[in-house]
Amino acid sequence: MEEKEWLIQFNFNDIKSMFDPTVERILKLIELQLENCSKKCSIMFLVGGFSQSVYLQKRIKEKFNDLVRNISVPTHPIATVVRGATLYGLIVYDRVNNNSGSEVRLKLTTRVLKFTYGIKIVDTWKKNDPTDRKTPKGEIIRFLPIGKAKRGESVKIDEYIFSDKELGPNNPFQTMATFHIYYTRERDAKFCNDPGMEYLGKLKISLPDVHLGLNRPLKFGLSFGEMEIKATARNATNGQCYLTTFEINEAENEENK
């Protein structure tokens, strides 16, 4: 190094190899978010510091140009994040303090659930479990209620309710996971094929960091708006968050019938 005056030379491929792992994870995250989106995405804004990378912009446009009609980068992508949060806060503040007619819905703060909501999980079979539900691997598929998201419970509008059980991958080499979400009129349902159980939808997430094996904890939660249910999964290891929205009109129409 002294002979080379402590200079290190990097070529294009060297630099590219440094950024590609991060870029691939970003592309995978976007892909899953688009897949979880129930409606077609018409526009995508790239904001934040890394969005200024021409290489990242090129990779995103190459991969998603056929799925998203307009992929745009604001003139000031970093400031856009701050301005967007500020404008959103001002709009909410104005609506709350100047509610009239169409804005009266913001006064609703709670709702009473008409169903019990939960997800399908693979668990260890226990002696008091039905023998006919035991799998060859000694496991059992259960219905896991999400916290207090049960029929008759009062919950705050848009407040996330998370599962009480710690969740994680089923095997140490797993790179993807899918949460299958169900709902039922029963408060204490146990299995996803119980009578009256209905399938709401699914949320797919990425599980990187395979070197951590089974030690990749996940948090799954639901929030209940006035006209929709939002499902989210958070990777406690790297902070990645996945979100999808379900309309609840059909479920409530069934209930009214």
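**Contacts, sheet and pocket in the model**

Leaving aside neighbours within four places in sequence, R59 is in contact with D20, V23, E24 and L27. The model in which these contacts are found is a predicted one. R59 belongs to helix 2, which is formed by residues 54–64. The side chain of R59 is joined to the side chain of D20 by a polar contact of 3.5 Å. D20 is thus named twice, as one of the residues that R59 touches and as the partner in this polar contact. R59 counts as buried because its relative accessibility is 17%, and the cut-off for a buried residue is under 20%.

For the protein as a whole, the secondary structure consists of four helices and 12 strands. The protein has 257 residues, and 34% of them are buried. R59 is among the residues that count as buried. When contacts between residues at least 6 apart in sequence are taken, 67% of them join residues at least 24 apart.

Four of the strands form an open sheet with antiparallel pairing, in the order 7-10-11-12. The edges of this sheet are strand 7 (161–162) and strand 12 (241–247), each of which pairs on one side only. Strand 7 is joined by two bridges to strand 10, which covers residues 218–224, and the two strands run antiparallel. Within this part of the sheet, F162 lies opposite G221 of strand 10.

At the other edge, strand 11 (228–235) is followed by a loop that leads to strand 12, and Q240 is placed in that loop. The relative accessibility of Q240 is 15%, and Q240 therefore counts as buried. A polar contact of 2.8 Å links the side chain of Q240 to the side chain of Y242. When residues up to four places away in sequence are not counted, the residues that Q240 touches are R25, P208, A233, R234 and N235.

The largest pocket holds about 480 Å³ of space. Its lining is made up of 19 residues, and those closest to the centre of the pocket are I121, V122, G168, P169 and N170. By residue class, the lining contains eight nonpolar, six polar and five charged residues. At least two lining residues come from each of strand 4 (116–124) and strand 8 (176–184). The largest contribution is that of strand 4, which gives five residues to the lining.

The two strands named in the lining are also paired with each other: strand 4 and strand 8 are joined in the antiparallel sense over four bridges. In this pairing, G118 has Y182 of strand 8 as its bridge partner. Strand 4 is further joined by seven bridges to strand 5 (residues 139–145), and these strands run antiparallel as well. V122, one of the residues closest to the centre of the largest pocket, stands opposite I141 in strand 5. In a regular strand, side chains point alternately to the two faces of the sheet. Strand 4 is thus described both by its antiparallel pairing with strand 8 and strand 5, and by the five residues it supplies to the lining of the largest pocket.

Note on methods
Residues are numbered from 1 along each chain as its sequence is written. This is a predicted model: local features need pLDDT of at least 70, side-chain atom pairs count only at pLDDT 80 or more; totals for chains, interfaces and linings use all residues. Side-chain values use heavy atoms; hydrogens and water are left out. Two strands pair if DSSP finds at least two bridges between them. Buried means under 20% relative accessible area, exposed over 50%, partly exposed in between (1.4 Å probe, protein chains only). A polar contact is a pair of N or O atoms within 3.5 Å; within protein, one must be able to donate a hydrogen and the other to accept it, and residues adjacent in sequence count only if both atoms are side-chain atoms. Contact means heavy atoms within 4.5 Å. On a 1 Å grid over the protein atoms alone, a cavity is a set of points where a 1.4 Å probe fits but cannot get out, and a pocket is an open set with protein on both sides within 12 Å along at least five of seven lines; lining residues have an atom within 4 Å of a point. Grid points are joined across faces, edges and corners, and a volume is the space filled by probe spheres set on the points. Ala, Val, Leu, Ile, Met, Phe, Trp, Tyr, Cys and Pro count as nonpolar, Asp, Glu, Lys and Arg as charged, and the others, Gly among them, as polar.
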